[in-house]
Structures are given as C-alpha cells and as structure tokens.
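Let's walk through this protein together, one region at a time. Keep the sequence and the 3D view side by side as you read.

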Amino acid sequence: MDECVFCKIAKGIVPESVVYNDEKVLAFMDIQPVNPGHVLVIPKVHASGLSNLDEETGAHMFKVGMRVADAVKRSGVKCDGVNLLLSDGRAAFQEIFHIHLHVIPRFEGDSLHIGFGRKYRPKPERNELDRIAAKIRDALH
Ligand code: ZN
C-alpha cells in the first residue's frame, strides 16, 4: 500500500521547504500556494480527519498555525490578513486525507475567493437555532 504523501513529508522522504519542525508537527510551504507564503501545518502522526486526530495534537497544530501566521505577517511577505483554514471531509474541499491546517496570507485583490453559495439563506428563527444547538449539545456528551 502506498503511504500517504504527508506521512512521507513528515518522515523527510519527500523534500519540502520546512518553516517549523518539532516532535509533533511539521510546517512547510504549500507547493501550490494560493498566495506566496502559504504554509501547511501537519501532525506527524497519520490522521485522515479531525475525528481521528487526538485533541492534544490538534491543539498543538493550531498553536503552531497561530505562530506561523504571526511570523508570515512579520516576514516581509505580502500579507494584510490571514486565513487559517482546515478542511475536514470531501464536502469541505479536503483533497489530501492527512489532516492539515492552511496558513494563507491574504491581501486585497488576491486569487482566493471564499463566498456564499446560492443556498445561503436569511437568518433562521431562534427556535431552529435552539433545536440544532440541543442536538449538538447531546452529541458532545
Ligand atoms: Zn499520512
């Protein structure tokens, strides 16, 4: 079975332009950047999605993402804002099934567009929000 590409990167088998490396996560340049300075933060353990990533590693990945975002802003790369983006599942545009956090420098007029689809609708009623909140609360327990 072919090992996943991010596992190979985490093990140093596939060369990457690394910006940060510790025992749990690796941060490196996206080879197909949305904008210059686009970094990916990955856990070194294989986890296809959020549901099979341990919380401690997930929290660490986010912490490193925050640090990288701050560094990108101070690096001289064109960066007026940052999107931290994590896609979990095909419907959320996940393409590589080894979870990863995008750190994307943003500026006015860049190539990334995040918009609302045609099905975006007016605000739901409070009782609908309460009903859905109850389902999620139940699932949290
Ligand atoms: Zn993997």
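A good place to begin is the metal: the site of the zinc ion is tetrahedral, with angles of 105 to 116 degrees among its four donor atoms. For comparison, the ideal angle for four tetrahedral donors is 109.5 degrees. Please keep in mind that this is a predicted model.

Which residues hold the zinc ion? The protein donors are Cys4 and Cys7, each through SG, together with His46 and His98, each through ND1. These atoms lie 2.0 to 2.3 Å from the metal. If you want to find the donor residues in the sequence, look for the spacing C-x2-C-x38-H-x51-H. Two of these residues deserve a second look, because Cys7 sits in helix α1 (residues 5-10) while His98 sits in the loop between β4 (81-86) and β5 (101-106), so the pair ties together parts that are 91 residues apart in sequence. Cys7 is buried, with a relative accessible area of 8%. His98 is buried as well, at 0% relative accessibility.

Stay for a moment in that loop between β4 and β5, where you will also find Phe97. Phe97 is partly exposed, and its relative accessible area is 32%. Measuring from C-alpha to C-alpha in your viewer should take you from Phe97 to Ile42 across 11 Å of space, although 55 residues separate the two in sequence.

Now let's follow the strands. Strand β1 (residues 18-21) pairs with β2 in the antiparallel sense over three bridges, and a hairpin of three residues joins β1 to β2. To see the pairing residue by residue, pick out Tyr20, which stands opposite Ala27 in β2. Strand β2 (residues 25-29) is mostly covered, with four of its five residues buried.

From β2 the path leads on to β3, and these strands are antiparallel too, paired over five bridges. Here Val25 has Pro43 in β3 as its bridge partner. Strand β3 (residues 39-43) in turn runs antiparallel to β5, joined to it by three bridges. One pair to look for is Val39 with its partner Val103 in β5. On to β4, which pairs with β5 in the antiparallel sense over six bridges. In this pairing, Leu86 stands opposite Leu101 in β5.

How many residues of β5 are buried? The count is six of six, so this strand is mostly covered by the cut-off of under 20% relative accessible area. In a regular strand the side chains alternate between the two faces of the sheet. In β5, both faces are covered: Leu101, Val103 and Pro105 are buried on one side, and His102, Ile104 and Arg106 are buried on the other.

Arg106 leads us neatly to the charged side chains. Side chains of opposite charge can pair when their charged atoms come close. The structure holds four salt bridges, and Arg106 forms one of them with Asp110, the closest N and O atoms being 2.7 Å apart. Are the two partners buried or exposed? Arg106 is buried, and so is Asp110.

Compare that setting with Arg74 and Asp70, whose side chains meet in a salt bridge at 2.8 Å, N to O. Both belong to helix α2 (residues 55-74), and because they are four residues apart there, about one helical turn separates them. Arg74 counts as exposed, at 63% relative accessibility, whereas Asp70 is partly exposed at 36%. Another salt bridge links Glu3 to Lys11, with 2.3 Å between the closest N and O atoms. Glu3 is partly exposed, with a relative accessible area of 32%, and Lys11 is exposed at 55%.

Finally, turn the model to look at its surface. Phe62, Met66 and Leu84 make a nonpolar surface patch of about 270 Å². Leu84 belongs to strand β4, and at 31% relative accessibility this residue counts as partly exposed.

Notes
Residues numbered from 1 in each chain as written. Predicted model: local features only at pLDDT ≥ 70, side-chain atom pairs only at ≥ 80, totals over all residues. Heavy atoms only, no water. Donors = N, O, S within 2.8 Å, 3.2 Å for Na, K, Ca; no water. Tetrahedral: all angles 85-135°; square planar, octahedral: opposite > 155°, others 65-115°. Helix = DSSP H or I, 4+ residues; strand = E, 2+ residues; numbered from the N terminus. Buried < 20%, exposed > 50% of the residue type's maximum accessible area, 1.4 Å probe, protein only. Patch = residues over 30% accessible without salt bridge, like charges linked within 9 Å, V, L, I, M, F, W, Y side chains within 5 Å. Areas by Shrake-Rupley, 256 points an atom, 1.4 Å probe, with all protein chains shown as cover. Pairing = 2+ DSSP bridges.
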